[in-house]
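Open the model in your viewer and keep the selection tool ready. This tour goes from stop to stop, telling you what to select and what is there.

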Amino acid sequence: MGFFERWLTLWVFLCILAGIALGQWLPAPFETLGRMQLARVNVPVGLLIWVMIIPMLLRIDFAAMGQVRQHWRGIGVTLAINWLVKPFSMALLGWLFLRHVFAPYLPADQVDSYVAGLILLAAAPCTAMVFVWSRLTQGDPYFTLSQVAINDAIMIVAFAPIVALLLGLSAIVVPWDTLLTSVLLYIVVPVALAQIWRRTLLRGGEPRLQATLARLQPFSVAALLATIVLLFAFQGRQILAQPLIIAILAVPILVQVYFNSALAYWLNRRLGVAHSVAGPSALIGASNFFELAVAAAITLFGFDSGAALATVVGVLVEVPVMLSVVHIVNRSRPWYERSAA
């Protein structure tokens, strides 16, 4: 894990503080940025999202999908968690915690938006940081690569219907044209560009691809942090008025991560899957593609929406929570292998 990734939570926290402060001191420039829209898409944020996402998608080799048969049980478990459990469990957790348990502490006009942000966060599995988590658990790299490739392929066709279904069940109206625009802008086009670029780089050999990825990584993290500054510049007044909002939004995210990772880990053990596959399977099953969630939330609901804030809270808790799951997976390896034997 690189320097920026290791301390991502700290950078996110500092950017939150910077965004809130700048939004209070210099409101006019941020309002101007917020008005720079094309087809309901904020242009500055759209560009930042592309800088954020494309280097991550550049790592994906769709040819790895041919290795599915070698790890079919682990892949089956992860697919079930990612697409049949996680989005629906998050919708349930959002309904439970935000509409009931913590409802008295939240602004009533933003609850629907917060729930929508949580659903967007859970509706797409992570595509980049899971390579780090897999390496930290001594996971099988071929399984991780093939799993991520399959998830990306599914995401192109499944993200919009799942989000629309769950938002509909939550009584949140989302225009299909806007949702499909988000999928086109933040999944289809970046995946296509990344694959074209990847093939071009590989003509010069694998070292050329790896060198490009190393150079791009700081720009990807910087784009993420710049987006967070912009988001919190718009969210500042609401957060200062109710500082407990971030802690409340973190609760269903934390429960979701530990529940889904534990379920995937247990199912893999029951099926006799090797620990080198079960570890990354649990982590892929629990982690979120927060870059896509942030982009979709901004496009669908706006910069200053509760949905955008909820997705950014996902960024804030992602690294420390996933590192704790890595620790649990590694510490439990002797138990897992005895149980699977």
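**Stop one: a buried asparagine**

Select Asn260: its relative accessibility is 0%, so Asn260 counts as buried. Keep in mind that this is a predicted model. Asn260 sits in helix H11, which covers residues 244–270. What does Asn260 touch, leaving out residues up to four places away in sequence? Show Ile81, Val85, Lys86 and Ser89, then add Gly285 and Ala286.

**Stop two: aromatic rings**

Stay on helix H11 and select Tyr265. Now add Trp335, in helix H15 (residues 333–340). How many aromatic pairs are there? The count is three. Tyr265 and Trp335 make up a tilted one, with 6.4 Å from centre to centre and 40 degrees between the planes. This pair links distant parts of the chain, as its two residues are 70 residues apart.

Buried or exposed: how does Tyr265 count? Tyr265 has 10% relative accessibility, and buried means under 20%, so Tyr265 counts as buried. Trp335 is partly exposed, because its relative accessible area is 38%. Add Tyr336 to the selection: Tyr265, Trp335 and Tyr336 form one aromatic cluster.

**Stop three: a nonpolar surface patch**

Turn to the surface and select Trp7, Leu10, Phe13, Leu14 and Leu17. These residues form a nonpolar patch there. Together they have about 480 Å² of accessible area. Pick out Phe13, which lies in helix H2 (residues 8–25). Its relative accessible area is 44%, so Phe13 is partly exposed.

**Stop four: a glycine in helix H8**

Select Gly168, found in helix H8 (residues 141–169). Gly168 is partly exposed, since its relative accessible area is 46%. Draw a distance from its C-alpha to the C-alpha of Ala116: the two are 10.0 Å apart. In sequence, 52 residues separate Gly168 and Ala116.

**Last stop: the nonpolar core**

Which residues have the most contacts inside the largest nonpolar core? Select Leu98, Trp133, Phe159, Ile228 and Phe232. The core as a whole has 117 residues. Helix H14 (residues 306–331) gives the most to this core, with 15 residues.

Finish on Ile228. Leaving aside neighbours within four places in sequence, Ile228 is in contact with Val12, Cys15 and Ile16. Val312 and Val315 are also in contact with Ile228.

Terms used: Residues numbered from 1 in each chain as written. Predicted model: local features only at pLDDT ≥ 70, side-chain atom pairs only at ≥ 80, totals over all residues. Heavy atoms only, no water. Helix = DSSP H or I, 4+ residues; strand = E, 2+ residues; numbered from the N terminus. Buried < 20%, exposed > 50% of the residue type's maximum accessible area, 1.4 Å probe, protein only. Contact = heavy atoms within 4.5 Å. Phe/Tyr/Trp six-rings, centres within 6.5 Å; stacked < 30°, edge-to-face > 60°. Patch = residues over 30% accessible without salt bridge, like charges linked within 9 Å, V, L, I, M, F, W, Y side chains within 5 Å. Areas by Shrake-Rupley, 256 points an atom, 1.4 Å probe, with all protein chains shown as cover. Salt bridge = Lys/Arg side-chain N within 4 Å of Asp/Glu carboxyl O. Core = buried A, V, L, I, M, F, W, Y, C linked by side-chain atoms within 4.5 Å.
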